[in-house]
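Colleague: I've just been handed this one and haven't looked at it properly. Can you walk me through it?

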There are 2 protein chains.
Amino acid sequence: MSSDDKSVVTRLRKLISEGGYQPGERIGEVRVAEQLGVSRTPVRLAFRTLEQEGLLQRANKRGFVVREFSQEDVLCAVEVRGALEGLAARRLAERGLAPAVREQLAGCIARGGELLGKGYLEEGDIARWSELNETFHCAIVEATGSRVIGDAIQRNNHLPFASADSIVIDSAALDREYQKLYLAHQQHQLVFQALQRGEGARAEMLMREHAYIGLRYGALFGLDPEPDAVQGDP
Amino acid sequence: MSSDDKSVVTRLRKLISEGGYQPGERIGEVRVAEQLGVSRTPVRLAFRTLEQEGLLQRANKRGFVVREFSQEDVLCAVEVRGALEGLAARRLAERGLAPAVREQLAGCIARGGELLGKGYLEEGDIARWSELNETFHCAIVEATGSRVIGDAIQRNNHLPFASADSIVIDSAALDREYQKLYLAHQQHQLVFQALQRGEGARAEMLMREHAYIGLRYGALFGLDPEPDAVQGDP
DNA sequence: TTATCTATTTTTGGATCCAAAGTACAGTGC
DNA sequence: GCACTGTACTTTGGATCCAAAAATAGATAA
């Protein structure tokens, strides 16, 4: 009753990640069902999905608790993504870029250059970057052909702060965020270069390093010296 | 009715991987429910879990189909495991081996040496190797501390032919399988050496290469020149 | 003869009901 | 006063029921 008809899994995921339930807290079916205005059945289904995604954890033979993520876990998730996207990039470089993919990646980079060419960042730019960044990363993964790597990345991305577009946060320091995005843009260009030249190892390593951008690159520009937000809202 | 009380997910996973349902085939709730002697509810729950694991795939807005895996998919899954276990090994090497872990790994290697020391392979040896191999790999992953990498590997392992102990098959050519296992044993020793010395990059690369052993090493010993079993029955 | 529209049937998704397992609380005995 | 046990309540898991959506088959018209 209380909201739109987005899938229960999505809504519950959001509910958890926005702090509706604290990490480590027990999460009950009935309460969630009431909160989402549905019966217990879809909630139970969603619990299983979220368990597999790693957001929920089976409590001692009895129900689920919200999984808590340490700094270490977030780092691991980022490194996992780096490893997997690196793998995808290497495979793509080794097999050669299909023209369509080449086009798509070039398009992303062109749009990125446009976006950052004016030398500063506006409010809407963040969303635009996020979108093209997403497209860039997805294009590389999808070009792998097989869904196996993509699925692995997808599952990992459900963990908090693991996905590729959990970068820009501090919209009060847009000037410094600009520098970070510019560096990201340059890394995209380098990855693209390596992919075009068939430099598999280089593409892989660039992609792996690129994964750290949301986690370790803030320090370069005086941003978030110690990021301590672990789960949930920006 | 028709079987023991193992979890529905496990039984259904086995049912699928043993060819009860063909890859690409639509899988219906009612039929599975009847086959397993349970109601539709637990089957629906299991479907969601298996969907996340990648064994099932949503048919366009209507039910599920059994996912089909190409040779390419199997290769991808193996490479994903290599990338992730490599990551785990690197982290472990960089952080140093805790004495307990060192002990456990050394134990695995000692048992492996014992097993292969006699120069040939007996029937029960395969199960023994499988068990110690499992222990070795798990120990490295678990020593990472964070569950994130372990979960990612675990999920990947549910894909057919992806897990670390899908190696030995041909029990009619035990002599040649012996050579493969011996090479695996040597690789374990090298990984252990690298871990002890804190050689992160080496440990990672060794582990990545080691992942191929179930897929590409048969050719060295005149085994399975073209493995074409993909999903399910031999 | 074929294509399209409609009706029936099949099947999934959601809600409710029932049983079983676990937990908490209270009472009693040592 | 503390511990143990029994009972009641909470909560999950499984089964059944109902509705809605899609597929299939049939019929009619072009």
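Modeller: Sure, let's start at the DNA: helix 3 of chain B supplies the largest share of the surface near DNA strand D, 4 residues. Helices here are DSSP runs of H or I with at least four residues, strands are E runs of at least two, and both are numbered from the N terminus. "Near" means that a residue's C-beta atom, placed from the backbone, lies within 6 Å of the strand.

Colleague: Before we go on, what should I know about the model and the numbering?

Modeller: It's a predicted model: local features need pLDDT of at least 70, side-chain atom pairs count only at pLDDT 80 or more, and totals for chains, interfaces and linings use all residues. Residues are numbered from 1 along each chain as its sequence is written, while chains are lettered from A and ligands numbered from 1 in the order in which they are written.

Colleague: Back to strand D, then. Which residues come nearest to DNA strand D?

Modeller: Out of 15 residues around DNA strand D, the nearest are Gly28(A), Glu29(A), Gly63(A), Ser39(B) and Thr41(B). Helix 2 (29-36) and helix 3 of chain A, together with helix 3 of chain B, each give at least two residues to that surface. By type, the surface near DNA strand D has 4 nonpolar, 5 polar and 6 charged residues. For those labels, Ala, Val, Leu, Ile, Met, Phe, Trp, Tyr, Cys and Pro count as nonpolar, Asp, Glu, Lys and Arg as charged, and the others, Gly among them, as polar.

Colleague: And which ones come nearest to DNA strand C?

Modeller: There, Ser39(A), Thr41(A), Gly28(B), Glu29(B) and Gly63(B) come nearest, out of 16 residues around DNA strand C. Helix 3 of chain A gives the most to that surface, with 4 residues. The residues near DNA strand C split into 4 nonpolar, 6 polar and 6 charged.

Colleague: OK, how do chains A and B relate to each other? What turn lays chain A on chain B?

Modeller: A turn of 180 degrees, with a shift of 0.1 Å along the axis, lays chain A on chain B with an RMSD of 0.1 Å. The two copies are thus related as by a two-fold rotation axis. The fit is by least squares on the C-alpha atoms of residues with pLDDT of at least 70 in both copies.

Colleague: How many residues of chain A are in contact with chain B?

Modeller: 25 residues of chain A are in contact with 25 residues of chain B, where contact means C-beta atoms, placed from the backbone, within 7 Å. Helix 4 of chain A provides the largest share of chain A's side, 9 residues. That side divides into 11 nonpolar, 6 polar and 8 charged residues. The copies meet through the same surface, because 100% of the interface residues of chain A are also interface residues in chain B.

Colleague: What domains is chain A divided into?

Modeller: Domain 1 (8-66) and domain 2 (71-221), with bounds from an automatic or database domain assignment. Their centres, taken over C-alpha atoms, are 30 Å apart. Across the gap, 4 residues of domain 1 of chain A are in contact with 4 residues of domain 2 of chain A.

Colleague: Now the inside. Which residues of the largest nonpolar core touch the most other members?

Modeller: Val80(A), Leu84(A), Ile149(A), Val80(B), Leu84(B) and Ile149(B), in a core of 82 residues. A nonpolar core is a set of buried Ala, Val, Leu, Ile, Met, Phe, Trp, Tyr and Cys residues joined through C-beta atoms within 7 Å. Buried means 20 or more other C-beta atoms within 10 Å of the residue's own, exposed means 12 or fewer, and partly exposed is in between. Leaving out residues up to four places away in sequence, Leu84(B) touches Val80(A) and Ala83(A), and also Ile149(B), Ala152(B), Ile153(B) and Asn156(B).

Colleague: How many residues of helix 7 of chain A are buried?

Modeller: 8 of its 11, so to speak a mostly covered helix. Among the buried ones are Ile149(A), Asp151(A) and Arg155(A).

Colleague: Last one: where is Phe161(A) found?

Modeller: In the loop between helix 7 and helix 8 (174-197) of chain A. Phe161(A) has a positive phi of about 65 degrees although it is not a glycine. Phe161(A) counts as buried because it has 24 C-beta neighbours inside 10 Å.

How values were computed:
Two residues are in contact if their C-beta atoms, placed from the backbone, lie within 7 Å.
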